[in-house]
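Subject: Structure for you to look at

Hello,

Here is the structure I promised to pass on. Please open it next to this email; my notes follow below.

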Amino acid sequence: NIAPVPKWALIAVAVAGAILLLLFLICIIRCCCGKKKPKKKERISLRPVSNSTTASLVQPEMEDLERGVEQMRRGKLQYSLDYNFRTQELKVGVKQAVELKAMDSGGTSDPYVIVYLTSDMKKRYETKVYRKTLNPIFNESFTFQVPQAEVPESTLVMQIYDFNRFAKHDIIGEVRLPLASVNLQHIIEQWNELAAASEVEEEQLGEICFSLRYVPSTGKLTVLILEARKLKRMDSHGLSDPFVKVHLILNRKKWKKKKTSVKKNTLSPYFNEVFVFEVPFNQIQMVDVVISVWDHDKVTKNEPIGKLFLGCRATGNQLRHWSDMLSNPRRPLAQWHILQPPDVVDKALGLKSHLKLPLASR
């Protein structure tokens, strides 16, 4: 018979098994941890390399950007606005400028300010010139006559120039302030950063509304001049005495002409006057219709405010209006058009100027 295993032997085997199992688990854990460590090191070691590379690439660009911003800075202008609703006058105070961009080789400028409204660009004011300074104190004020109804359509422009006795004056920068965005119920005094000046100042000449109608069977072209609005001011008191001329041009030569009555002291005249021209169907493709708005003057010569022309040689809205008229015979078609500078229209039409230039002296 086999003797029974003592209890202490069973306990010893169990303890030994537990120790072996524990050692086995420890080995597994250590092996697993040992495999993960190198990956950690790789990840950690990549971060500083990545950061240093990024820093070396980006930092110079940031410095260049800051330098570029510094070069773009043109300075600041302090000004005030005071609108008198009773007299309908806008008083503009040009106070001072600081940190202006240096335009001269010596690191200074000779600044002065030009002030005007886009609604009346003929009337411009200038401050005195201040020599060799980037921080001039002007303390000058200028008054503009602006009807209350036209205030929202006007933009105040203040341009700072560098005076040069022997060359063209360079513009340092400008402040352009649409009056529609300003609360003129109280006096305003504020600073504005100077911005780069606009390359081209488009003068607003106004708009005109008229209708066209053509009946091929009778050869009658009907032009109905309805109204105009936002016309350019031509008189010293800030208004105009507008009337409209309608010219028919055939083969680049003036052919027929009619005009409306004169409307006194207004920038938004209402005419409602109709003109009928006889244009045979075989000539309608060769005709240009020129609509021009003029300012009447009893003492001096009448001045043109703006023009436009319609016909097969026209472009944009004018060509579209003309084409619509031809494709809709007997039906009057009305449309608004923006007036253009007279010399631009004359050049497009190929008309000869009436002005006789003096002969060059030999």
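Start with the strand pair that holds S80. Residue S80 stands opposite G93, and G93 lies in strand 2. One caution before going further: this is a predicted model.

**The sheet**

Strand 1 covers residues 76-84, and strand 2 covers residues 89-98. The two run antiparallel, and nine bridges join them. Both belong to an open sheet of four strands. Its order is 5-2-1-8, and the pairing is antiparallel. Strand 5 (137-145) and strand 8 (188-193) are the edge strands. Each of these pairs on one side only. From one strand to the next, the twist averages 20 degrees. In general, strands of a sheet pair through backbone hydrogen bonds.

**A surface patch**

Now go to helix 1, which spans residues 7-72 and contains L20. L20 counts as exposed because its relative accessibility is 58%, and the cut-off for exposed is over 50%. L20 also helps make a nonpolar surface patch of about 670 Å². The other residues in that patch are I11, V15, I19, L22, L23 and I26.

**A buried glutamine**

Q318 sits in helix 2, residues 316-327. Is Q318 buried or exposed? Its relative accessibility is 11%, so Q318 counts as buried; the cut-off is under 20%. What does Q318 touch, leaving aside residues up to four places away in sequence? Its contacts are L308, F309, L310, H337 and Q340.

Best wishes

How values were computed: Residues are numbered from 1 along each chain as its sequence is written. This is a predicted model: local features need pLDDT of at least 70, side-chain atom pairs count only at pLDDT 80 or more; totals for chains, interfaces and linings use all residues. Side-chain values use heavy atoms; hydrogens and water are left out. Two strands pair if DSSP finds at least two bridges between them. Axes are lines fitted to C-alpha atoms, for helices over the stretch in contact, and angles run from 0 to 180 degrees between N-to-C directions. Buried means under 20% relative accessible area, exposed over 50%, partly exposed in between (1.4 Å probe, protein chains only). Contact means heavy atoms within 4.5 Å. Patches are made of residues with over 30% relative accessible area and no salt bridge: like charges are joined within 9 Å, nonpolar side chains (Val, Leu, Ile, Met, Phe, Trp, Tyr) within 5 Å. Accessible areas come from the Shrake-Rupley method with a 1.4 Å probe; for residues, only the protein chains shown count as cover. A salt bridge is a side-chain nitrogen of Lys or Arg within 4 Å of a carboxyl oxygen of Asp or Glu.
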